[in-house]
Amino acid sequence: MMQIRRMRRLDPWLLLYVAVLVLPLLFGLGYSLAYSFGMIGLLSEGFSLGAWQRLFEGDAADAFLYTLALTFWSLVLALVFAYAASWAMLIRPGAGRLYPWLFVPLTLAPVVAAFAVFAWLNPAGLLSRLTFALGVHDGVQDFPRLVQDAGSIGILVVHTLLVGPVLAIVFRQQANAERMPALRKTARSLGASDAVVFFRVFVPAIWRRSGAFVLLYGVYLFGTYEVPLLLGRSQPRVLTVYITDQMTRFDLGNLPLAHAAASAYALAVMILLLRLLTRWNRRLLQP
Amino acid sequence: MQKQKKHAGLGWSLVGSLLVLPLLGLVYVSVVEQWRFPALFGDARFTLRHWQAFWNNGNGLRGGLGLSLLLSGSVALSAATAGFWMAGRVARHPQRRFLLGLAYFPYLVAPVILGVLWQHWWVRFGWSGTFGGVFLAQWLFVFPYAVLFFAGFWNDRFRKLLFQARSLGAYRRKLWLGVVLPMGLPWLAVGLFQCFLLSWFEYGMTQLIGVGKVPTLTIRTVLFVQEANPHGAAVAGLLMALPPLVLLGLNRSVFLRRVGGSGASAIPTDEPHAGPR
Amino acid sequence: MSTEQTTHAQAAPSAEAMIRIRGLAKGYGAERVLEALDMELDAGHCLAVLGPSGSGKTTLLRLLAGEEEPDTGRMEVDGMDLTGLSPERRGVVMLGQEALLFPHLDVFENLAFGLRMQSDHRGPWTLLKRWAGQYWRQTRQRWSGNKTPDLYRGLDPEESALRHRVQRMLEALDLLPHAHKSPSALSGGQRQRVAFGRALLIRPKVLLLDEPFASLDAQTRREMQELYRKLSSAEATTSLLVTHDLREALVLGDRFARLREGRLLHYPDRAAFAADPYSGVAEEQAFWRDALSPGKAANPAHRTNGPAHQDPDQSGPGAEPS
């Protein structure tokens, strides 16, 4: 009898694929880590944990906490928008008309969306002029600060504008796939109010199908750059802006700190992603 | 009753049209000058001067548009075709989940941070500040996206269909010409467009790797903002929104993951993109 | 059924065997699915293979089709060793519950697909033209409402002959009015008919049937079984049928076997198959006799315990072919 078990040959193209995905990250991360530990660099004085210690104090720690908070609230607002819009499209007659409009913000680059919102919300912007013309306030000094403000309102508006509609589109598709109109009818016939259907059926059913997708957006928002760059204040800054600030300063002493922060960010995203990929394996990795 | 429904629809259209306000704001700012507070309509002067400046390339915008089109077009074309083909190889491999999982890493780390991590190597190899350098850096995160996107096409059902075609006698070339390409063309079109947008919208990495020497439209927009020239920024922003708006007008399915009628999608619903950005 | 009968049938070598398998083994990790499986099937016959779920029936078909590779063993089709042979060179077509029609082609082109793959040596331009032409025909048909367009106008002889063959198949399948419909516009039974027609048109050496009618309703299933029997006997097709459906096995099969513990146990003839309690024939007869006897209502629960659904090891000592 002939033995026909064969060794699976290594596909050179797949090896190249892995190399293209992994090597640039490894080399980049390796260099940054080495720099952050003082092992390389112009002012290198040998191995040191100084840069990493500075990560946990002052500006760097503020930037990290601020980024986390901004990510959280952006995601919450986008989710509220998306759930409200998709639910309205499900239960309100005529609300389906909302659907085509949801695609419009997808045509905006983050830079453009940030600038457009700036044009609307800055104290001398369109909204301020419109409300001034209507006699709502007495001038620039009376208009509340909505961009480059302490509450990061401008950033949150842009993030909601960019992410909310995308999630709303996804949620509507998922609601149709879950046959939500029929489910709602069934739940109503069993005595549930619309509020109960929303919280007990709609929200969990959509989350089960789209949770992975939403969390990926969380990862994206954690790395947002252009929007806080244009609409954020100089203090506190998001992590990405903080890192590029440190990188481009004339003071070379800041470079190890910038590299430590960049490595920490990249490692945090990778660990988070690893967790997401194992938890939502079926949704994310099923070709 | 019918009338009431119509009115409700109109109301929701009005709510939806709020999402167009940012774009309308840009259009307005791009056609006014001497825009001192509180000038709005009566006191502001309307002009096409900013658009003429673009047309005459007086502010470098036309060059920026050409550069962006060339950069994003070439990144999208190469990454989407390579991604389409590679996704097929990945999908056929027993370890496809692992291989696909790898693609999320370069794609989801913020491009500006990738720029920080790669800057040293790009400088070292002399790629920093060059078109090729920016192209390569963008390609390295657009390509993984393309693989993730096209993995939806090479799903289980499509692989079964391919096997059926093979057992009916289709060998490699005919398989591609007779089944893969005709069925994949709508996917390729959408994937190409989405890869184009990824590169078209990118700012942070282009700025870091290009060190200002590769002035794409996004770079120009931020420069205008920093120069306190809102009119130039508005023109640049509208130019950036133009290609996606045209495609949205033609067919909004280009923003969705699944292509109608292709019959090959693992995910039973339409999802915009394989992930964010 | 006796042990001798079974082993005798297994050992009998045939000079004109279309399928010949020796010592076939396949496992997934620690789990062994097929273990030293031997089999022979003569040309023009249909072997119906029964076995509980997970016994390796589908694995056997996938190995023959080339979808997977065996761990050890040798498979031959029409005297040709299948080792390392790509699926397109085997002359083996597998049909499953899902029709797997090409969504970008209409019914006619789906049927013609295999013939084109065999005959067409022209370049991409021809394929592109044909593809565009097909869309044009479909669009024109949609505009004109014409159900039976002229298929032969201005064609070269090779293409004309191909179209004649496809049209004859369309008639045999009773699908002529649907020739230019998209597969998505067809019912489940119609789709399955197209899949059969497509496979039979290329006259494969072996047709592998993996419960092909399981997803159809009872009436359509019977019609399909009849149709398949008619078409396959006209073409003298050699086929291997895997099924849970006793009736299907009896209607389509003329050879019978059972997969157990990774090995194939052959019945020498229909009578031996019917006599084996495992086959469920006796049980079925008893059910109908019982159900139709005057004054006695049929108890559906009685059927669910039928031997066809039972673990073979629990069928009783007399039922076991070794």
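# A guided tour of chains A, B and C

Begin in chain A by selecting helix H3 (residues 58-91) and helix H8 (residues 180-189), which pack at an angle of about 75 degrees with their axes 10 Å apart. Because angles of 65 to 115 degrees count as roughly perpendicular, H3(A) and H8(A) are described as roughly perpendicular to each other. To see where they meet, show the side chains of Trp87(A), Leu90(A) and Ile91(A) in H3(A), together with Met180(A), Pro181(A) and Arg184(A) in H8(A). Please keep in mind throughout the tour that this is a predicted model.

Staying in chain A, select next helix H5 (residues 110-121) and helix H6 (residues 126-133), whose axes are 4 Å apart and which pack at an angle of about 25 degrees. H5(A) and H6(A) are therefore roughly parallel to each other. The contact is made on the H5(A) side by Ala119(A), Trp120(A) and Leu121(A), and on the H6(A) side by Leu126(A), Leu127(A), Ser128(A) and Leu130(A).

The last stop in chain A is the loop between helix H10 (226-231) and helix H11 (239-248), where Pro236(A) lies. The peptide bond leading from Gln235(A) to Pro236(A) is cis, with omega near -5 degrees, and it deserves a look since most peptide bonds are trans. Then select Arg237(A), which forms a salt bridge with Asp245(A), the closest N and O atoms being 2.6 Å apart. Arg237(A) counts as buried at 9% relative accessibility, whereas Asp245(A) is partly exposed, with a relative accessible area of 27%.

Now move to chain B, which has 12 helices and two strands and which, read along the sequence, follows the pattern α-α-β-β-α-α-α-α-α-α-α-α-α-α. Of its 277 residues, 60% count as buried, and among its contacts between residues at least 6 apart in sequence, 69% join residues at least 24 apart. Chain B exposes about 10,700 Å², of which carbon and sulfur atoms supply 63%.

For a view of the surface of chain B, select Val15(B), Leu18(B), Leu21(B) and Leu24(B), which make a nonpolar patch of about 330 Å². Leu24(B) is found in helix H2 (residues 21-30) of chain B, and at 49% relative accessibility this leucine counts as partly exposed.

Next, pick out the two strands of chain B, S1 (32-33) and S2 (45-46), with Pro38(B) in the loop between them. The peptide bond from Phe37(B) to Pro38(B) is cis, with omega near 5 degrees. A salt bridge joins Arg45(B) to Glu33(B), the closest N and O atoms being 2.9 Å apart; this pair links distant parts of the chain, with Arg45(B) in strand S2 and Glu33(B) in strand S1, 12 residues apart. Arg45(B) counts as partly exposed at 44% relative accessibility, while Glu33(B) is buried, with a relative accessible area of 10%.

Before leaving chain B, go to the loop between helix H10 (204-210) and helix H11 (217-226) and select Val211(B). Which sign does the phi of Val211(B) have? Val211(B) has a positive phi of about 40 degrees although it is not a glycine, and at 44% relative accessibility Val211(B) counts as partly exposed.

A second backbone angle of this kind is found in chain C, where Glu261(C) has a positive phi of about 50 degrees although it is not a glycine. Look for Glu261(C) in the loop between strand S9 (255-260) and strand S10 (263-267) of chain C; Glu261(C) is exposed, with a relative accessible area of 60%.

Still in chain C, select Arg22(C) and Glu40(C), which form a salt bridge with the closest N and O atoms 2.7 Å apart. Arg22(C) lies in strand S1 (residues 17-28) and Glu40(C) in strand S2 (residues 31-42), so the pair ties together parts that are 18 residues apart in sequence. Arg22(C) counts as partly exposed at 31% relative accessibility, whereas Glu40(C) is buried, with a relative accessible area of 13%. Widen the selection to Arg20(C), Arg22(C), Glu40(C), Arg74(C), Glu76(C) and Asp81(C), which salt bridges with shared partners join into one network. Over all chains, the count comes to 28 salt bridges.

End the tour at Leu216(C), in the loop between strand S7 (206-210) and helix H7 (218-235) of chain C. Leu216(C) is buried, with a relative accessible area of 10%, and, leaving aside neighbours within four places in sequence, Leu216(C) is in contact with Gly188(C), Gly189(C), Gln192(C), Arg221(C) and Met224(C). Of these partners, Gln192(C) is 24 residues from Leu216(C) in sequence and 9.1 Å from Leu216(C) in space, C-alpha to C-alpha.

Technical notes. Residues are numbered from 1 along each chain as its sequence is written. Chains are lettered from A and ligands numbered from 1 in the order in which they are written. This is a predicted model: local features need pLDDT of at least 70, side-chain atom pairs count only at pLDDT 80 or more; totals for chains, interfaces and linings use all residues. Side-chain values use heavy atoms; hydrogens and water are left out. Patches are made of residues with over 30% relative accessible area and no salt bridge: like charges are joined within 9 Å, nonpolar side chains (Val, Leu, Ile, Met, Phe, Trp, Tyr) within 5 Å. Accessible areas come from the Shrake-Rupley method with a 1.4 Å probe; for residues, only the protein chains shown count as cover. A salt bridge is a side-chain nitrogen of Lys or Arg within 4 Å of a carboxyl oxygen of Asp or Glu. Buried means under 20% relative accessible area, exposed over 50%, partly exposed in between (1.4 Å probe, protein chains only). Axes are lines fitted to C-alpha atoms, for helices over the stretch in contact, and angles run from 0 to 180 degrees between N-to-C directions. Angles under 35 degrees count as roughly parallel, over 145 as roughly antiparallel, 65 to 115 as roughly perpendicular and the rest as oblique. Contact means heavy atoms within 4.5 Å.
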